[in-house]
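Reader: I keep meeting words like "buried" and "salt bridge". Could you show me how such labels are earned?

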Amino acid sequence: MRIAIMTDSYRPTVDGVVTAVLVTKKALEDLGHTVFVIAPDPGPEYREEGVYYFRAVRFRTYPGYFVPCFPSDQSDLIRRLDPDVIHVRGVAFMAIKALIASHNTKVPVVLTYDTLVTDVIDRYSSIKLPKETLVRLASVYLRQMMKRPAAILVPTPSAGREVTETIGVKPKRMEVVPTGIDNARFTRRPEAGEAVRRRYGLEGRRIVITVGRVSFEKNVDLVIRSLKLLEDDIVLMVVGQGPALDGLRRLVEEERLQDRVVFTGYQKGDDLVDHYSCADAFVSASVFETQGFTVQEAMSCGLPVACGNGRAFTDFIRDGENGYLFGLTEEECARAIMEALDSPQAVRDRGMETALSYGLGPTTERLVQVYGEVIEENRKRRDKERRSSM
């Protein structure tokens, strides 16, 4: 099978979509499929061999992102690559380009809804209007755009409800297909974890880790403030980078928590696994997630997790059984962190079982199945159109 992945985000941008593209590409290639990545051009210093780029400009209101320019539908590129299916990650400019190319080439499109655009549009939109106006306009766009792909993929049932019930999209087809977790890689490495503790001078401390793009909607500030309600030996490790980082550093100084919060910057590959391995528990106060990728990575590493009680986390975390859920107050966050730190082995074991259910094997198998069905439906429709035109 030949698959073109057209994505709004790709390296050097760091976010969950980029991680999903890289994981999906490798998993598909390991099964013998051919995968082409088509992404916004970040400039010659960041280009990668084998990636196809669309001319782009920097996203002024969201540092680290690049926006493809118009006009450039690149139908000729799709004809040259000759994919069986186009898989879009994102709902912005690349989605429009993919739909135009699909119309011109008759290659079917599937689109994964990764990001809850309407939640954050007021923070990152270059158009300064009241949030309710921006949400209304974005919802109209999403309803029109997302009814056109052959299938809409969502990583969790809650994301699907967001699409159909909150936004009001009426897709041709919707399937729950998470991005897989590489459980073989995300396995606890005790010796490496101890080395990370020594690197940051955290021997003998209890470490709670949070991982991901450090953006405002992740509510890391709530976790920092909740530290004041926890014992002094508990340290928060913030792994990642993003637009909210400077503000969080200032908050740590204001709250006089410099000795209890460690900012490590972006970590990847084995270094990321080693950072998970140094921790005693994982926390996320975000209720923005459509899947909760880093939570599942933490579970795969055997960490007990405490997460905000909303959206994707409620799809796979059962409070007190395989993790802990909390409301967005400092008191509830602190309570859930303590429950995670004190959790019995049974909770950790069930968390690892949950992570295995999101493993690369079952998720990639499901994705390939959807691709095959979409390709076959497209073939039948084109055959019918040809017969009717004769």
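Author: Let us start with arginine 206. Keep in mind that this is a predicted model. Arginine 206 has 21% relative accessibility. Partly exposed runs from 20% to 50%, so arginine 206 counts as partly exposed.

Reader: What makes arginine 206 and glutamate 231 a salt bridge?

Author: The closest N and O atoms of arginine 206 and glutamate 231 are 2.7 Å apart. The cut-off is 4 Å. The value is within it, so the pair is a salt bridge.

Reader: Which parts of the chain does the pair link?

Author: Distant parts, 25 residues apart. Arginine 206 is in strand β10 (residues 206-211). Glutamate 231 is in the loop between α8 (220-226) and β11 (234-239).

Reader: Why is glutamate 231 called partly exposed?

Author: Its relative accessible area is 49%. Exposed means over 50%, so glutamate 231 stays in the partly exposed class.

Reader: What makes arginine 89 and aspartate 114 a salt bridge?

Author: Their side chains meet at 2.8 Å, N to O. That is within 4 Å, so the label holds. This pair also links distant parts of the chain. Arginine 89 is in strand β6, and aspartate 114 is in the loop between β7 (109-112) and α4 (117-124).

Reader: Are arginine 89 and aspartate 114 buried or exposed?

Author: Buried means under 20%. Arginine 89 has a relative accessible area of 4%, so it is buried. Aspartate 114 has 16%, so aspartate 114 is buried too.

Reader: Why are lysine 25 and glutamate 29 separated by about one helical turn?

Author: Because they are 4 residues apart in helix α1. Their side chains meet in a salt bridge of 2.7 Å, N to O. Lysine 25 has 22% relative accessibility and counts as partly exposed. Glutamate 29 has 34% and is partly exposed as well.

Reader: How many salt bridges does a search of the whole structure find?

Author: It finds 27. Some form a network: Arg173, Glu175, Arg366, Glu373 and Glu377 are linked in this way.

Reader: Why is isoleucine 337 called buried?

Author: It has 2% relative accessibility. That is under 20%, so isoleucine 337 counts as buried. Isoleucine 337 lies in helix α13 (residues 330-341). Its C-alpha atom is 9.5 Å from that of leucine 325, 12 residues apart along the chain.

Reader: What makes the nonpolar surface patch of about 280 Å²?

Author: Ile127, Leu129 and Leu137 make it. Each has over 30% relative accessible area, because patch residues must pass that cut-off. Leucine 137 lies in helix α5 (residues 131-145).

Reader: How many cavities of 30 Å³ or more does the structure hold?

Author: The structure holds 2. The largest has a volume of about 110 Å³. Among its 16 lining residues, the closest to its centre are Thr24, Pro178, Thr179, Gly180 and Leu367. By class, the lining has 8 nonpolar, 7 polar and 1 charged residues. Gly180 belongs with the polar ones, because Gly counts as polar.

Reader: What volume does the second largest pocket have, and what lines it?

Author: Its volume is about 390 Å³. The pocket is lined by 17 residues, and nearest its centre lie Ser102, Arg148, Lys172, Asn378 and Arg381. The largest share, 6 residues, comes from α15. By class, this lining has 7 nonpolar, 3 polar and 7 charged residues. Arg148 and Lys172 are among the charged ones, because Arg and Lys count as charged.

Note on methods. Residues are numbered from 1 along each chain as its sequence is written. This is a predicted model: local features need pLDDT of at least 70, side-chain atom pairs count only at pLDDT 80 or more; totals for chains, interfaces and linings use all residues. Side-chain values use heavy atoms; hydrogens and water are left out. Patches are made of residues with over 30% relative accessible area and no salt bridge: like charges are joined within 9 Å, nonpolar side chains (Val, Leu, Ile, Met, Phe, Trp, Tyr) within 5 Å. Accessible areas come from the Shrake-Rupley method with a 1.4 Å probe; for residues, only the protein chains shown count as cover. Helices (H or I, at least four residues) and strands (E, at least two) are DSSP runs, numbered from the N terminus. On a 1 Å grid over the protein atoms alone, a cavity is a set of points where a 1.4 Å probe fits but cannot get out, and a pocket is an open set with protein on both sides within 12 Å along at least five of seven lines; lining residues have an atom within 4 Å of a point. Grid points are joined across faces, edges and corners, and a volume is the space filled by probe spheres set on the points. Buried means under 20% relative accessible area, exposed over 50%, partly exposed in between (1.4 Å probe, protein chains only).
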